[in-house]
Amino acid sequence: MAELDAGAKAPEFEMAGEKGPIRLSDFAGKALVLYFYPKDDTSGCTKEAQEFSALAGDFTAAGVAVLGVSKDTVASHGKFTAKYGLEVPLGSDPEGATLEAYGAWVEKSMYGRKYMGIDRSTFLIDGAGVIRRAWRKVKVPGHAAEVLKAALAL
């Protein structure tokens, strides 16, 4: 899959969530922050979810939905959400279809070993389903605030 950039149509998706299926079409007419993260309850992913949760009210006030996505199960997401009091919904993409559609399933390398994994990335999608901003290889500190600033500029 080619890397998606600003101006591209956001690929439709459907995945499991705690309250049932989640689809891109559920957000029609509303901006969406779609962020991909590697694993529930790991340090960087926890910090990222906490930052988005801390700003959840600001995103809501701006009319912007936030959805975190990983390959973890709905049950894992439930435990993660409860443990940290997260305020943003999490989608489960165990087969990786959405990850692949958004180019977030990539080859990585650690200590010379190559493997496939999730590229921590975020997409700001407008109410018409068009990607307005894409962040790749996200560094967590301050990222949620940067995304909020971009969302407010829509």
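Strand β4 gives the most to the lining of the largest pocket, with four residues. Strands and helices here are DSSP runs numbered from the N terminus, a strand being E with at least two residues and a helix H or I with at least four. The model is predicted, so that local features need pLDDT of at least 70 and side-chain atom pairs count only at pLDDT 80 or more, whereas totals for chains, interfaces and linings use all residues. Residues are numbered from 1 along each chain as its sequence is written, and side-chain values use heavy atoms, with hydrogens and water left out.

The largest pocket holds about 430 Å³ of space. Its lining comprises 21 residues, of which Val66, Leu67, Val88, Pro89 and Leu90 are the closest to the pocket centre. A pocket is an open set of points on a 1 Å grid over the protein atoms alone, where a 1.4 Å probe fits and protein lies on both sides within 12 Å along at least five of seven lines; a lining residue has an atom within 4 Å of a point. Grid points are joined across faces, edges and corners, and the volume is the space filled by probe spheres set on the points. At least two lining residues come from each of β2 (20-23), α2 (56-61) and β4 (64-70). By class, twelve residues of this lining are nonpolar, four are polar and five are charged. The nonpolar class consists of Ala, Val, Leu, Ile, Met, Phe, Trp, Tyr, Cys and Pro, the charged class of Asp, Glu, Lys and Arg, and the polar class of the others, Gly among them.

For the second largest pocket the volume is about 150 Å³. Pro38, Val106, Lys108, Ile118, Asp119, Arg120, Lys137, Val138 and Lys139 form the lining of this pocket. Four of these residues are nonpolar and five are charged, with no polar residue. Lys137, one of the lining residues, is placed in the loop between β9 (131-135) and α5 (143-152). Although Lys137 is not a glycine, its phi is positive, at about 45°. The relative accessible area of Lys137 is 62%, and the residue is therefore exposed. In this classification, buried means under 20% relative accessible area, exposed means over 50%, and partly exposed lies in between (1.4 Å probe, protein chains only).

A positive phi is also found at Tyr111, which is not a glycine and has a value of about 50°. Tyr111 is located in the loop between β6 (105-110) and β7 (113-118). This residue counts as exposed because its relative accessibility is 83%.

In strand β4, Ala65 has a relative accessibility of 12% and so counts as buried. Ala65 is in contact with Phe27, Lys30, Ala31, Leu32 and Val33 when residues up to four places away in sequence are not counted; contact means heavy atoms within 4.5 Å. Between Ala65 and Gly20, which are 45 residues apart along the chain, the C-alpha separation is 16 Å.

Two residues of helix α1 were examined. Ser53 belongs to this helix, which spans residues 43-54, and counts as buried because its relative accessibility is 10%. Leaving aside residues up to four places away in sequence, Ser53 touches Leu86, Glu87 and Val88; Val88 is also among the residues closest to the centre of the largest pocket. Ala54 lies in α1 as well but, at 62% relative accessibility, counts as exposed. The C-alpha atoms of Ala54 and Ala144 are 9.0 Å apart, with these positions 90 residues apart in sequence numbering.

Ser121 is in strand β8 (residues 121-125). With a relative accessibility of 0%, Ser121 counts as buried. Beyond residues up to four places away in sequence, Ser121 touches Leu34, Tyr35, Phe36, Ala104, Trp135, Arg136 and Val138. Val138 also belongs to the lining of the second largest pocket.

Over the whole chain, the secondary structure consists of five helices and nine strands, in the order β-β-β-α-α-β-α-β-α-β-β-β-β-α along the sequence. The radius of gyration is 14 Å, which agrees with the value near 15 Å for a compact globule of 154 residues; the radius is taken over C-alpha atoms, and the globule rule is 2.2 Å times the number of residues to the power 0.38. Along the principal axes, the C-alpha atoms fill a box of roughly 45 × 35 × 30 Å. Of the 154 residues, 47% are buried. Contacts between residues at least 6 apart in sequence join residues at least 24 apart in 62% of cases.
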